[in-house]
Amino acid sequence: MGQTEIYQHFNREDHEFIDRCIELSERVVERYSVEVTGFLNPHQVGILRNVAASYQLQVFASSDEQKMEYAKVIVAPDYYQLDPSDFDLALLEMVYASKFHHLTHSQVLGTIVHQLGVERKSFGDILTSDGKIQVFVEQRFVHYFMDHIQKISRVPVKLREVPLSEQMIIDEESQQRDILVSSYRLDKVIAGTFKLSRSQASQLISSGIVKVNYATTSNVSYAVGLNDLVSVRRFGRLKIVSENGISKSGKYKVTVEVLLSKK
């Protein structure tokens, strides 16, 4: 499959990442070597699988082995046999006095990105529960995190590395809603899902708090496709899971799955 053909399967916003996947795949072919990525979101994992398959390469995602949203990916020639340790994953656990404080997902994310200056590709899921937080990180960052995180939002925390088998399993609450939309424009899908006016939905998008497939967008007319993940800060995440025909009034009948917002 040529580069142009690959582009045709994805949106223009994905082209830069597709180029990186092509470069990675070509390195694996030319060097007959194994490549391991940083943490990728599920949309990026899907793109990389597609591109690597066109080069007849093997692809393994850590999310195949471990319950996680963001995953590290191994791209390898046919001789390679998977060793899970090659993902170079570590799980850090933070504990704090939950009787007096409550730390949120966004507070932990802010500390890692803004206080530590760690790139998003170097750590994965942030799991939060009462008095306990777990974060997937690349192995090389374990000591850096432990040496530099003593507080999150002024709340003292204690860190330790735990086995991957001790991962907290947190089920994200979701519900399905049947809605009617006159088109698949992003602003109309958001308005229909969260019972907002179209102008309110447009304002959310222009405010920079809406992401499609993990990338912030300001394009109100973006055409939302089946299984695209749309995230609206403070409202939650949605994806269209089925298209159910046309209503008598000429609108599209769709079922959306809404996932509870991470606070």
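The side chains of R160 and E93 meet in a salt bridge, with N and O 3.1 Å apart. This is a predicted model, so every value here is computed from it. Side chains of opposite charge can pair when their charged atoms come close. R160 sits in strand β9 and E93 in strand β4, and 67 residues separate them along the chain. The pair therefore links distant parts of the chain. How covered are the two partners? E93 counts as buried because its relative accessibility is 5%, and buried means under 20%. R160 has a relative accessible area of 44%, so R160 is partly exposed.

Now look at the strands that carry this pair. Strand β4 covers residues 89-95, and it pairs with β9 in the antiparallel sense over five bridges. Within that pairing, L92 stands opposite E161 of β9.

Step back to the sheet. Which strands form it, and in what order? Four strands make an open sheet, ordered β5-β6-β4-β9, with antiparallel pairing. The edges are β5 (123-129) and β9 (158-162). Each edge strand has a single partner, so one side of each is left without a neighbour in the sheet. From one strand to the next, the twist averages 20°.

A helix lies across part of this sheet. Helix α5, residues 105-115, crosses β4, β5 and β6 (132-138). Its direction makes an angle of about 145° with β5.

Return to the charged pairs. How many salt bridges does the whole structure hold? A search finds ten. One of them joins D64 and R49, whose closest N and O atoms are 3.1 Å apart. This pair also links distant parts of the chain: D64 is in helix α4 (residues 62-65), R49 is in helix α3 (residues 42-54), and they are 15 residues apart. D64 has 48% relative accessibility, so D64 counts as partly exposed. R49 is partly exposed too, because its relative accessible area is 31%.

E119 and K121 form another salt bridge, at 4.0 Å from N to O. K121 counts as partly exposed because its relative accessibility is 46%. Elsewhere, K72, E138 and R140 are joined into one network by salt bridges that share partners.

Next comes helix α7, residues 186-194. Is α7 mostly covered or mostly open? Mostly covered: seven of its nine residues are buried. These are L186, D187, V189, I190, A191, T193 and F194. What do they pack against? Their neighbours are the strands β10 (174-181), β11 (210-212), β13 (230-232), β14 (236-246) and β15 (252-259), along with helix α8 (198-206). Just after α7, K195 takes a positive phi of about 55°.

Finally, take in the whole chain. It holds eight helices and 15 strands. Of its 263 residues, 44% are buried. Its C-alpha atoms fill a box of roughly 60 × 55 × 30 Å along the principal axes. What radius of gyration does the chain have? It has 20 Å. A compact globule of 263 residues would have a value near 18 Å, so the two agree.

Contacts also span the chain. Among contacts with a separation of 6 or more, 59% join residues 24 or more positions apart. The accessible surface comes to about 14300 Å², and carbon and sulfur atoms account for 46% of it.

Key
Residues numbered from 1 in each chain as written. Predicted model: local features only at pLDDT ≥ 70, side-chain atom pairs only at ≥ 80, totals over all residues. Heavy atoms only, no water. Pairing = 2+ DSSP bridges. Helix = DSSP H or I, 4+ residues; strand = E, 2+ residues; numbered from the N terminus. Axes fitted to C-alpha atoms, helices over the stretch in contact; angles between N-to-C directions. Contact = heavy atoms within 4.5 Å. Buried < 20%, exposed > 50% of the residue type's maximum accessible area, 1.4 Å probe, protein only. Rg over C-alpha atoms; globule rule 2.2 N^0.38 Å. Areas by Shrake-Rupley, 256 points an atom, 1.4 Å probe, with all protein chains shown as cover.
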